[in-house]
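Thank you all for coming; I would like to take a few minutes to walk you through one structure, and I will try to keep apart what can be read from the model and what cannot. Please have a look at the sequence and the model first.

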Amino acid sequence: MKSRRFIALFGRMAKATTAPVGRTLACSPAERFSVWRGDVIAGLSTTFAVISICLPSGILVFSSFGADYVARGATAVLYAIVFGGAITALVAKSSFIVSSPRSQLALVQATLAIQLVSREPFAGNFDLAVGALAASICLAGIFQALLAVTGVARIIRYTPHTVLAGFAN
C-alpha cells in the first residue's frame, strides 16, 4: 500500500531515478531528456543547499589562520563539494544520499587549526599548518574506511538511537 502511494505521488520521479542505465539509454529521446533534466535539476538544487552549509564551515576553519586565509577556505569548500559529491555518487549504495560537513566537525577542525598555529613548528608557517590540517582530515577518512572494511562499523547497531541523534544534531 505504501509503495503504491509513493508511486502515485512520485511515480515519474521514481521511475526516472530507479531506471537502470541501459533502460534509460534505450528509451525515446524525449524520455531520456526528461530523466537527464530531472537529474541535473536535482544535482543543482542539492549543490546550492550544500554550499550554504559548507561555506560557513570552511570560513570558520580557515579564519583561524588569519584574514588572508578566508578566501582559501572558500576555495577549499568548493573543491570539497565537487570532489566529495563525486565520490559520494560513486560509492553510495542509494541514490538519495547527500553528503556535507556538519558544524560540529568544523568546530573540531577550527580547534585543531588554532592548536596547530599556537605550537612551535607551525607558529610562523601557516601553509605548514594548513597541510597538517589537511593530512589529519585525510587520516580520519582513512581510519573510517579501515573501520568499515574490517567490519567494526557493525557495532553501531548496538548504540541507542538517542545517542546517535545527539551526535547527528
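**Leu116 and its surroundings**

Let me begin with a single side chain: if we leave aside its neighbours within four places in sequence, Leu116 is in contact with Phe122, Ala123, Ala129, Ala132 and Leu133. Please keep in mind throughout that this is a predicted model.

Leu116 also belongs to the largest nonpolar core, which has 12 residues: Val61, Phe62, Phe65, Tyr69, Ala106, Ala113, Leu116, Val117, Phe122, Ala129, Val130 and Leu133. Which elements give two or more residues to this core? They are H3, H5 and H6, and the largest share, 4 residues, comes from H5. As general background, nonpolar side chains tend to be buried together in soluble globular proteins.

Let me now take two of these helices in turn, starting with H3, which runs over residues 29–62, has 34 residues and reaches 47 Å from its first C-alpha to its last, close to the 50 Å expected at 1.5 Å a residue. Where does H3 bend? The bend is at Ile51 and comes to about 30 degrees. The buried residues of H3 are Val35, Val50, Cys54, Ser57, Gly58, Val61 and Phe62, and of these, Val61 and Phe62 are also listed in the core I have just described.

Ile53 is found in helix H3 as well, and you may ask whether Ile53 counts as buried or partly exposed. With a relative accessibility of 39%, Ile53 lies between the 20% limit for buried and the 50% limit for exposed, and therefore counts as partly exposed. Ile53 and Val77 are 24 residues apart in sequence, while their C-alpha atoms are 9.9 Å apart in space.

The other helix, H6, covers residues 126–150, and its 25 residues reach 36 Å from the first C-alpha to the last, close to the 36 Å expected at 1.5 Å a residue. The buried residues of H6 are Ala129, Val130 and Leu133, and what covers them includes H3 and helix H5, residues 103–118. It may help to recall that an α-helix has 3.6 residues a turn, so residues three or four places apart point the same way. H6 is followed by Gly151, whose phi is positive, near 90 degrees.

Stepping back to the whole chain, we find 7 helices and 0 strands. Of its 169 residues, 17% count as buried, and the accessible surface comes to about 12600 Å², of which 71% belongs to carbon and sulfur atoms. Among contacts between residues at least 6 apart in sequence, 56% join residues at least 24 apart.

Finally, a word on confidence: the mean pLDDT of the chain is 76, and 78% of its residues reach 70 or more. Among the elements, helix H1, residues 2–18, has the lowest mean pLDDT, at 46, whereas H6 has the highest, at 89. Over residues 1–22 the pLDDT is below 50, and beyond near neighbours in sequence this stretch has 6 contacts in the model. Where pLDDT is low, the predicted coordinates should not be read in detail.

Methods: Residues numbered from 1 in each chain as written. Predicted model: local features only at pLDDT ≥ 70, side-chain atom pairs only at ≥ 80, totals over all residues. Heavy atoms only, no water. Expected span 1.5 Å × (residues − 1). Bend = angle between axes of the 7 residues up to and from the residue. Buried < 20%, exposed > 50% of the residue type's maximum accessible area, 1.4 Å probe, protein only. Contact = heavy atoms within 4.5 Å. Core = buried A, V, L, I, M, F, W, Y, C linked by side-chain atoms within 4.5 Å. Areas by Shrake-Rupley, 256 points an atom, 1.4 Å probe, with all protein chains shown as cover. pLDDT = per-residue confidence, 0-100.
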